Every structure is written in structure tokens, then in C-alpha cells.
Amino acid sequence: MKKKFILFLIVFFTLSNCGYNPIYSNQSKINFNLMINEINGDEVMNNIVRSQIKKYENISKEKTTSLNIKTAYSKDILSKNKKGEITNYLIKMEIEFEDISSKNKKYNFKEETKTSSMSNKFELKKYENTIINNFISNQLEKFILKINSL
């Protein structure tokens with residue numbers, strides 16, 4: 001009987017304090033609506049930015065922030081082997097948010113990533129898309145933190 005009770009207590013306290021927190025729980029603290037006015041640059045990055053900003057588009061918020069967004073992406077060759085095959089790349093990504101609502105304030109974010117070439121080109125493209133997606137989500141969160149702190 002005691003063993004069952006102790007086991008029950010251990011399971012209860014373990015499951016009740018597991019640290020679960022909803023992903024969008026802090027979204028209610030955002031007191032503005034993001035709207036894209038114009039977006040220029042790399043088409044792949046633009047599509048990812050549009051899809052990521054959709055979760056911050058809320059018409060019921062009183063303050064609307066209009067944005068002009070510029071994206072840039074380049075993939076440069078760093079090194080080749082003796083056969084002339086590419087072994088390393090340098091991926092450069094840049095995103096600029098221009099807040100039209102508050103005196104055209106600009107926020108620039110840049111990042112460079114070195115990556116080695118893969119024999120499977122599909123896997124390499126998938127890896128590049130993952131890098132782009134992570135970059136955009138991180139920089140968008142930084143941008144929202146900056147706007148929210150104003």
C-alpha cells in the first residue's frame with residue numbers, strides 16, 4: 001500500500017511540474033499588428049517572411065506597424081578540391097525591416113554561415129532552406145522584441 005502511494009506521489013509531482021509551456025503563450029503580450037507594405041529581394045526568403053509574419057497579423061490590435069522588408073541571399077564558393085569540385089560554401093543572408101509607422105526606422109540583420117558541400121544536392125538544398133528558415137525566425141523575434149520595447 002505504501003509503495004503504491006509513494007509511486008503515485010512521485011508520478012503526480014513529476015507530471016504536474018514538467019515545465020510545459022504553450023509555444024504562443026507570450027503572443028498575447030504583443031500589443032501591435034504587423035502588416036507588410038512592400039517586400040523585395042530573394043523570393044525564397046520573402047515567402048518564408050510572409051508566412052512567419054502571418055502569426056503576428058491580428059486586426060483586433062489598436063496599433064498597426066507597417067513594414068517595408070528587403071531580403072538578400074548569396075551563396076559564394078569558399079574552396080575547391082584538386083578535381084575542381086566545390087567543397088565549402090559561404091552563405092550570406094541579410095534582412096532589413098523598415099518601420100514606416102514610426103519615422104521610417106530601419107533595423108538591419110546580417111548573418112554568414114560556412115557550410116561544406118554534400119554529394120546529394122537535394123540534401124544540400126534542404127539544409128540551406130533550414131538555415132534560411134532559422135535565420136528569418138530568429139531575426140523576426142529580435143525585431144519584435146525591439147519594437148515591443150519601444
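A residue counts as buried when its relative accessible area is under 20%, and that word comes up a lot below. What you're looking at is a predicted model, and its protein chain averages a pLDDT of 84, with 85% of the residues scoring at least 70. Here's a quick tour, starting with one helix and moving on to the strands it packs against.

**Helix H3**
- H3 covers residues 121–149, which makes 29 residues in all.
- From its first C-alpha to its last, H3 reaches 42 Å, close to the 42 Å expected at 1.5 Å a residue.
- Quite a few H3 residues are buried: Leu124, Glu128, Ile131, Ile132, Phe135, Ile136, Gln139, Leu140, Phe143, Ile144 and Ile147.
- What do those buried residues pack against? Their partners are helix H2 (43–53) plus four strands: S1 (32–40), S2 (63–80), S3 (86–99) and S4 (105–116).
- At the N-terminal end, H3 is capped by Asn120, which has a side-chain oxygen 3.1 Å from the backbone nitrogen of Phe122.

**Strands S2, S3 and S4**
- S2 and S3 run antiparallel and are joined by 13 bridges.
- To get your bearings on that pairing, look for Leu67, which stands opposite Asp99 in S3.
- S2 and S3 make a hairpin with five residues between them, and Gly84 in the turn has a positive phi of about 90°.
- S3 also pairs with S4: these two run antiparallel too, with 12 bridges between them.
- Here a handy landmark is Glu96, which stands opposite Asn108 in S4.
- The S3 and S4 hairpin has five residues between its strands, and Lys103 takes a positive phi near 55° there.

**A closer look at Thr113**
- Thr113 sits in strand S4.
- Is Thr113 buried or exposed? Its relative accessible area is 17%, so Thr113 is buried, given that the cut-off is under 20%.
- Setting aside neighbours within four places in sequence, Thr113 is in contact with Tyr89, Leu90, Ile91, Met93 and Ile131.
- One of those contacts, Ile131, is itself among the buried residues of H3.

**Salt bridges**
- How many salt bridges turn up in a search of the whole structure? The search finds two.
- One of them joins the side chains of Glu128 and Lys75, at 2.6 Å from N to O. That pair links distant parts of the chain, since Glu128 belongs to helix H3 and Lys75 to strand S2, 53 residues apart.
- The two partners sit in contrasting surroundings: Glu128 is buried at 4% relative accessible area, whereas Lys75 is partly exposed at 33%.
- Lys92 and Asp76 form a salt bridge as well, with their closest N and O atoms 3.7 Å apart. This pair also links distant parts of the chain, with Lys92 in strand S3 and Asp76 in strand S2, 16 residues apart.
- Lys92 is partly exposed, with a relative accessible area of 32%, and Asp76 counts as partly exposed at 32% too.

**How far to trust it**
- Among the elements of the protein chain, S3 has the highest mean pLDDT, at 93.
- Which element has the lowest mean pLDDT? That is helix H1 (residues 2–16), at 77.
- As a rule of thumb, predicted coordinates should not be read in detail where pLDDT is low.

Technical notes:
Residues numbered from 1 in each chain as written. Predicted model: local features only at pLDDT ≥ 70, side-chain atom pairs only at ≥ 80, totals over all residues. Heavy atoms only, no water. Expected span 1.5 Å × (residues − 1). Buried < 20%, exposed > 50% of the residue type's maximum accessible area, 1.4 Å probe, protein only. Contact = heavy atoms within 4.5 Å. Polar contact = N/O pair within 3.5 Å; in protein donor to acceptor, adjacent residues only side chain to side chain. Pairing = 2+ DSSP bridges. Salt bridge = Lys/Arg side-chain N within 4 Å of Asp/Glu carboxyl O. pLDDT = per-residue confidence, 0-100.
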